[in-house]
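Got your viewer open and a free hand for the mouse? Load the model shown here, and let's walk through it one selection at a time.

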Amino acid sequence: FVQDNHSLSTVKGTLRGIHFQRGENAQAKLVRCVRGGVLDVAVDLREGSDTFGKWEGFYLTAENRQMIYIPKGFAHGFLALEDDTLFSYLCGDRYDPESDGGIRWDDPQLAVRWPLERVEQLVLSDKDAGLPFLSEFVDRYGALSGDGSR
């Protein structure tokens, strides 16, 4: 891993993602929750994969100390389940703004079941609110290859 990122969500209900990098800068990630808890979500974006567009969710907490490896070709996002949640992710490549991509958190094609009591409680960056739906991304760029390129 060449980059160690930390993300502090001061408010429960902060959602980050669903992000990935494409091309030469595609990233594999090793993620964990250092303080608090998250629902961590990985979405398969690999071209030709039997699970393309499917997601898997994992509850990561400081108490359970679980880590999840997210390979290249997958998008990643998480929802803070507690105030002052500290999340850590090791990346297999450095961040490159030109390679940055993402899919909307509420894409009906993905149908991620975020544990939100009310959508009004969601804290979302302008960047994440403006991400395209999966179909829009695929129309523009195509799916990612197995190594995350495209």
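Before we start, one cut-off to keep in mind: a residue is called buried under 20% relative accessible area, exposed over 50%, and partly exposed in between. One more thing to know is that this is a predicted model.

**Stop 1: three loop residues**

Select alanine 111 to try out that cut-off. Its relative accessible area is 41%, so alanine 111 counts as partly exposed. You'll find alanine 111 in the loop between β9 and β10. Check its backbone as well: phi is near 55°, a positive value in a residue other than glycine. As background, most residues other than glycine have a negative phi.

Stay in that loop and click on aspartate 107, which also sits between β9 (100-102) and β10 (123-124). Is aspartate 107 buried or exposed? Aspartate 107 counts as buried, because its relative accessibility is 3% and the cut-off for buried is under 20%. Show what surrounds it: leaving aside neighbours within four places in sequence, aspartate 107 is in contact with Phe133 and Leu134. You can also draw a distance to serine 135, 28 residues away along the chain; the two C-alpha atoms are 9.2 Å apart.

Now jump to arginine 65, in the loop between β5 (55-61) and β6. Arginine 65 has a positive phi too, near 55°. With 72% relative accessibility, arginine 65 counts as exposed.

**Stop 2: the open sheet**

Switch to cartoon and colour four strands in the order β1-β8-β3-β6: together they form an open sheet with antiparallel pairing. At the edges are β1 (3-9) and β6 (67-70), each pairing on one side only. Look along the sheet and you can follow the twist, which averages 20° from one strand to the next.

Zoom in on β3 (residues 29-35) and β6. How many bridges join β3 to β6? There are four, and the two strands run antiparallel. For one of these pairings, pick lysine 29: its bridge partner in β6 is isoleucine 70.

**Stop 3: the nonpolar cores**

Next, show side chains. In soluble globular proteins, nonpolar side chains tend to be buried together. Here, the largest nonpolar core has 18 residues, and the members that touch the most others are Val43 and Trp114. At least two residues of this core come from each of β2 (14-21), β4 (37-44), β7 (74-80) and α2 (134-141).

Which residues does tryptophan 114 touch, not counting those up to four places away in sequence? Select Leu15, Ile18, Leu39, Val41, Gly77, Phe78, Leu79 and Trp105 to see them. A separate core of 12 residues lies apart from the largest core, with Cys33, Val38, Leu60 and Ile68 among its members.

**Stop 4: a cis peptide in β2**

Go back to one of those contacts, isoleucine 18, which belongs to strand β2. The peptide bond leading into it from glycine 17 is cis, with omega near 20°. For context, most peptide bonds are trans.

**Stop 5: the pocket and the cavity**

Turn on a surface. Rolling a probe the size of a water molecule over the atoms shows where empty space is left. The largest pocket has a volume of about 280 Å³. Of its 17 lining residues, Asn5, His19, Lys29, Tyr89 and Tyr95 are the closest to the centre. Lysine 29 is thus worth a second click, as you met it in the bridge to isoleucine 70.

Colour the lining by element: β1, β2, β7, β8 (85-91) and α1 (126-129) each supply at least two residues. Which strand gives the most to this lining? That is β2, with four residues.

Then clip into the interior. A search of the whole structure finds one cavity of 30 Å³ or more, and the largest cavity has a volume of about 40 Å³. It is lined by 10 residues, with His19, Phe20, Gln21, Gln27 and Phe74 nearest its centre. The elements giving two or more residues to this lining are β2 and β7, and β2 gives the most, with three.

**Last stop: helix α2**

Finish on glutamate 136, in helix α2. Glutamate 136 has a relative accessible area of 43%, so it is partly exposed. Draw one last distance, to glycine 37: these residues are 99 apart along the chain, and their C-alpha atoms are separated by 31 Å.

Terms used: Residues are numbered from 1 along each chain as its sequence is written. This is a predicted model: local features need pLDDT of at least 70, side-chain atom pairs count only at pLDDT 80 or more; totals for chains, interfaces and linings use all residues. Side-chain values use heavy atoms; hydrogens and water are left out. Two strands pair if DSSP finds at least two bridges between them. Axes are lines fitted to C-alpha atoms, for helices over the stretch in contact, and angles run from 0 to 180 degrees between N-to-C directions. A nonpolar core is a set of buried Ala, Val, Leu, Ile, Met, Phe, Trp, Tyr and Cys residues joined through side-chain atoms within 4.5 Å. Buried means under 20% relative accessible area, exposed over 50%, partly exposed in between (1.4 Å probe, protein chains only). Contact means heavy atoms within 4.5 Å. On a 1 Å grid over the protein atoms alone, a cavity is a set of points where a 1.4 Å probe fits but cannot get out, and a pocket is an open set with protein on both sides within 12 Å along at least five of seven lines; lining residues have an atom within 4 Å of a point. Grid points are joined across faces, edges and corners, and a volume is the space filled by probe spheres set on the points.
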